[in-house]
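Hello! Here is the structure I promised to pass on to you. Have a look at it first, and then read my notes below.

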Amino acid sequence: MAQNDIKYLTPIAVDFKTKKYCRFKKSGIKFIDYKDGEFLKRFVNEQGRILPRRLTGTSLKFQKKVAQAVKRARHLALLPFVADNLKTNQ
Amino acid sequence: MLKHYETVFIMTPVLSDDQMKETVKKFENILCEKGAEIVHQENWGLKRLEYQIQKKSTGFYHLFEFKAEPHVVAELELQYRRDERIMRYLSVTLDKDAIAYAEKRRTHGFGQKKETKPETTFEVKREPRPEVKYDIVEDPIEEQMYEQNIDNKEE
């Protein structure tokens, strides 16, 4: 039965944490478009809330811009203020 | 000094196509009268709203990009508020990065223009197959068997 299972005394680290990076800094994007709702959905969770920097890895400079863009997109009904299953509906 | 602005507004879906164009024309005229220089405009057509506005779930989107004195925007927004065909509007100042982006968007056909682009069909260039000459070894016995097989199947 479970005799063949290998047991470790100390749990081995399965995945090494990859360092998060700011995708805007890396790819040289300077302006975040509020008109592109589909793109902004990456920075929003399923309920339509803006994801924190600690999850996305965005730098402070661009997080401010992302937040501004998301808020503008919400005003223009390109993004919802509140939603259920925003990502699964796509 | 003229400043660079961008404004997007949503019109009610109740309007017919002509009425929609008329409203766009109206705001274009307002801008021109106030001495604004329209750099670019984009009609996004009827779009689904992510949430209802005035109990409507769709709307006509239109975008103006223009250069104007700062007081023009205030006057434009006053006109937006007075017009009941306009459901939402947003006016934004464009900084230098935004201008660069807008230019790129115009020339490269970002976003909305993608949809109107005619579908490009890729022509697959196939090289003509090299002719391979098979050496056919004629084997009388095999030929016979083959013929027999055909005969059997026909029966």
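**What I found in chain B**

B:Glu37 has B:Lys67 in β3(B) as its bridge partner. Strands here are DSSP runs of E with at least two residues, helices are runs of H or I with at least four, and both are numbered from the N terminus. Two strands pair if DSSP finds at least two bridges between them.

Before going on, please note that this is a predicted model, in which local features need pLDDT of at least 70, side-chain atom pairs count only at pLDDT 80 or more, and totals for chains, interfaces and linings use all residues. Residues are numbered from 1 along each chain as its sequence is written, while chains are lettered from A and ligands numbered from 1 in the order in which they are written.

Now to the sheet. Eleven bridges join β2(B) to β3(B), residues 56-68, and these strands run antiparallel. At the other end of this pairing from B:Glu37, you can look for B:Ile53, whose bridge partner in β3(B) is B:Lys56. The two strands form a hairpin with two residues between them, and B:Gln54 in the turn has a positive phi of about 50 degrees.

On β1(B), nine bridges lead to β3(B), again antiparallel; B:Tyr5 stands opposite B:Phe66 there.

Together, four strands of chain B make an open antiparallel sheet in the order β2-β3-β1-β4. β2 (37-53) and β4 (86-93) of chain B each have a single partner strand, so one side of each is left without a neighbour in the sheet. From one strand to the next, the twist averages 20 degrees (axes are lines fitted to C-alpha atoms, for helices over the stretch in contact, and angles run from 0 to 180 degrees between N-to-C directions).

Which strands does helix α1 (residues 17-33) of chain B touch? It packs on the sheet against β1, β2 and β3 of chain B, at about 25 degrees to β3(B). Contact means that the C-beta atoms of two residues, placed from the backbone, lie within 7 Å. Helix α2 (residues 70-82) of chain B lies across β1, β3 and β4 of chain B, at about 170 degrees to β4(B).

Chain B also meets chain A: the contact takes twelve residues from chain B and 13 residues from chain A. The largest share on the chain B side, four residues, comes from β2(B).

Finally, a word on confidence. Chain B averages a pLDDT (the predictor's confidence in each residue, from 0 to 100) of 81, and 72% of the residues score at least 70.

Enjoy exploring!
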